[in-house]
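Let's explore this structure together, one question at a time. Have the picture open as you read, and try each question before looking at the answer.

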Amino acid sequence: MPEGAAAERVEIRRAEPGEAEALTALSLRSKASWGYDESFMAAAAAELALSPEQLARYPAYVLEAEGRVAGFYLLEPIDEREVELSALFVEPDAIGRGYGRRLMEHAITTAKRLGYRAMLVHSDPNAEPFYRAMGAELIGTVPSGSIPGRTLPLLRVDLEHA
C-alpha cells in the first residue's frame, strides 16, 4: 500500500426504511449511467422506486464505503424456493471498485441462508454480462415493467451450487 494510503473501509449492513428515498435516487443515477435518455428514465422511475415498507419487509442491504452509501440490493420472495434480486445498484462514480461483486456475493449468501434454492434476476441488458460473470444463467426474457415492447434478460442463479 502506498505511503499515506489508508485501507478503504467497506461495510454491508441492513438498509433502513428511512433510506427508501435516497436508495431510489441512487437507483435512478445508476440506471441513467447506461446512457438512457430522459423519456426512458421518466418511464422507468416508478418501477425503480423503493418504499420504506419494502425495505422493512424484505432483505435489503446497503454497501457503505468510506462512510457513504455506494450501492444496495433488495431481495423479494417469489415463493418458498425462489427469490428475486429485484434491485442491485451501485453509484456511478463507484462502479469498477468491486462493489457490485460484493453486493451480489452478499445477496447470494443471504438468499442461501434464508433457504432459497434459486435467485431470479430481471436484468437490464447492459448488466447481463455482470450477472453471467457472477454465475447466473440466461433462461429467457421477460417484458419490461415500464417500457412497452421492451424485453429484459431473465437470469437464474442456482443457489444449491453457488
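**The pocket and its strands**

Helix H1 (20–32), helix H2 (38–48), strand E3 (68–77), strand E4 (82–90), helix H4 (99–113), strand E5 (118–122) and helix H5 (128–133) each supply at least two residues of the lining of the largest pocket. Keep in mind that this is a predicted model.

Q: What is the volume of the largest pocket?
A: Let's begin by finding the pocket's centre. Among the 46 lining residues, Leu-88, Phe-89, Asp-124, Ala-127 and Tyr-131 are the closest to that centre. The volume of the largest pocket is about 890 Å³.

Q: Which element gives the largest share of the lining of the largest pocket?
A: Both helices and strands contribute to the lining, including H1 and E3. The largest share is seven residues, and they come from E4.

Q: Which class of residue, nonpolar, polar or charged, has 24 members in the lining of the largest pocket?
A: Let's go through the classes in turn. Eight lining residues are charged and 14 are polar. The class with 24 residues is nonpolar.

Q: Which residue in E4 stands opposite Leu-74?
A: E3 and E4 form a hairpin, with four residues between them. They pair in the antiparallel sense over seven bridges. Opposite Leu-74, in E4, stands Ala-87.

Q: Is the β-α-β crossover from E4 to E5 right-handed or left-handed?
A: E4 and E5 run parallel and are joined by three bridges. One bridge pairs Glu-84 with Leu-120 in E5. The chain passes from E4 through H4 to E5, and this crossover is right-handed.

Methods. Residues are numbered from 1 along each chain as its sequence is written. This is a predicted model: local features need pLDDT of at least 70, side-chain atom pairs count only at pLDDT 80 or more; totals for chains, interfaces and linings use all residues. Side-chain values use heavy atoms; hydrogens and water are left out. On a 1 Å grid over the protein atoms alone, a cavity is a set of points where a 1.4 Å probe fits but cannot get out, and a pocket is an open set with protein on both sides within 12 Å along at least five of seven lines; lining residues have an atom within 4 Å of a point. Grid points are joined across faces, edges and corners, and a volume is the space filled by probe spheres set on the points. Ala, Val, Leu, Ile, Met, Phe, Trp, Tyr, Cys and Pro count as nonpolar, Asp, Glu, Lys and Arg as charged, and the others, Gly among them, as polar. Two strands pair if DSSP finds at least two bridges between them. A crossover is right-handed if, with the strands pointing away from the viewer, the path from the first strand over the helix to the second runs clockwise.
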